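These are my notes on the model, set out as numbered points. Please read them with the structure open.

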Amino acid sequence: ENSSPPSPPQRKTVEEKTMFTPCSEKRGSAYFEFQYCKKEWNVKKLLKRGYSFWEKDSLLVHVDYDRDFFENYGDYLETPDGTQKLDPYSVNYYTKEQTFVIIEQIKNDNPQEFDVLVTWLEKAATEYNGFFFLGI
């Protein structure tokens with residue numbers, strides 16, 4: 001009988017891709033962008049001029065991961081009160097209060113790579129005026 005020792009567990013390598021990418025590691029422009037809302041304006045003005053693309057502290061999701069991302073996170077990005085549907089091709093804004101609800105829902109369900117997004121969202125809810133999800 002030829003029994004070989006078990007293989008060691010696979011470790012993530014630096015080259016291995018994850019769903020979430022810091023903006024500093026962006027290659028190209030095919031990304032969805034989570035961006036901190038740093039202005040205290042009314043929602044209408046925020047949606048028109050409250051953001052600019054590719055902020056250095058943004059968290060990105062490459063379009064290659066869109067299926068995994070929306071399967072894991074799409075439901076959380078529908079506003080908690082049901083008044084706003086996520087538009088993956090436009091600007092979506094979430095208040096601090098909505099962000100806290102999203103964080104709790106994600107923590108309860110533990111979807112793929114949730115710790116990365118939750119850490120980022122906690123900063124959006126405590127240090128900023130919520131966040132934007134900028135579509136492609």
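1. A residue is called buried here if its relative accessible area is under 20%, and exposed if that area is over 50%, with partly exposed in between. The model is a predicted one. Thr21 has a relative accessibility of 13%, so Thr21 counts as buried. This residue belongs to strand S1, which covers residues 20-22. Beyond residues up to four places away in sequence, Thr21 touches Lys26, Ser58, Leu59 and Leu60.

2. On the overall layout: the chain holds 4 helices and 5 strands. Read from the N terminus, their order is β-β-α-β-α-β-α-α-β. Of the 136 residues, 36% are buried. Among contacts with a separation of 6 or more, 73% are between residues 24 or more positions apart. The chain has an accessible surface of about 8,700 Å², and carbon and sulfur atoms account for 48% of that surface.

3. Ala30 sits in the loop between S1 and strand S2, the latter being residues 31-36. Is Ala30 buried or exposed? Neither label applies: with a relative accessible area of 27%, Ala30 is partly exposed. Setting aside neighbours within four places in sequence, its contacts are Val61, His62, Val63 and Ile136. The C-alpha atoms of Ala30 and Val61 are 8.6 Å apart, while the two residues are 31 apart in sequence.

4. The largest nonpolar core comprises 25 residues. Phe20, Phe34, Phe69, Leu77, Phe131 and Phe133 have the most contacts inside this core. Two or more residues each come from S2, S3, H2, H3, H4 and strand S5 (131-134). Which element gives the most to this core? That is H4, with 6 residues. Another core, of 6 residues, lies apart from the one just described; Val91, Tyr93, Phe132 and Leu134 are among its members.

5. Phe133 deserves a separate look. At 0% relative accessibility, Phe133 counts as buried. Apart from neighbours within four places in sequence, Phe133 is in contact with Phe32, Glu33, Phe34, Phe69, Phe70, Leu77, Leu86, Ser90, Val91, Asn92 and Tyr94.

6. The count of aromatic pairs comes to 23. One of them joins Phe34 and Phe133 in an edge-to-face arrangement, with 5.0 Å from centre to centre and 70 degrees between the planes. Because Phe34 lies in strand S2 and Phe133 in strand S5, the pair ties together parts that are 99 residues apart in sequence. Phe34, like its partner, counts as buried, at 0% relative accessibility.

7. How many salt bridges does a search of the whole structure find? The search finds 3. One of them links Lys38 and Asp57, whose closest N and O atoms are 2.9 Å apart. Lys38 is in the loop between S2 and helix H1 (43-49), and Asp57 is in the loop between H1 and strand S3 (59-62), so this pair ties together parts 19 residues apart in sequence. Lys38 counts as partly exposed because its relative accessibility is 42%.

8. A salt bridge also joins Glu122 to Lys107, with 3.1 Å between the closest N and O atoms. Glu122 lies in helix H4 (residues 114-126) and Lys107 in helix H3 (residues 96-109), so the pair ties together parts that are 15 residues apart in sequence. Glu122 has a relative accessible area of 32%, which means partly exposed. Lys107, with 35%, is partly exposed as well.

9. The salt bridge between Glu71 and Arg67 has its closest N and O atoms 4.0 Å apart. A salt bridge needs these atoms within 4 Å. Both residues lie in helix H2 (residues 66-73), 4 residues apart, or about one turn of the helix. Glu71 counts as exposed, at 61% relative accessibility. Arg67 is exposed too, with a relative accessible area of 62%.

10. Two lysines are placed over tryptophan rings. Lys26, which is also among the contacts of Thr21, lies over the face of Trp54, at 4.6 Å from the ring centre. The charged end of Lys45 sits over the ring of Trp41, at 4.3 Å from its centre.

Definitions and conventions. Residues are numbered from 1 along each chain as its sequence is written. This is a predicted model: local features need pLDDT of at least 70, side-chain atom pairs count only at pLDDT 80 or more; totals for chains, interfaces and linings use all residues. Side-chain values use heavy atoms; hydrogens and water are left out. Buried means under 20% relative accessible area, exposed over 50%, partly exposed in between (1.4 Å probe, protein chains only). Contact means heavy atoms within 4.5 Å. A salt bridge is a side-chain nitrogen of Lys or Arg within 4 Å of a carboxyl oxygen of Asp or Glu. Accessible areas come from the Shrake-Rupley method with a 1.4 Å probe; for residues, only the protein chains shown count as cover. A nonpolar core is a set of buried Ala, Val, Leu, Ile, Met, Phe, Trp, Tyr and Cys residues joined through side-chain atoms within 4.5 Å. Rings of Phe, Tyr and Trp (its six-membered ring) pair if their centres lie within 6.5 Å; planes under 30 degrees apart count as stacked, over 60 as edge-to-face and the rest as tilted. A charge sits over a ring if NZ of Lys or CZ of Arg is within 6 Å of the ring centre and within 35 degrees of the ring normal.
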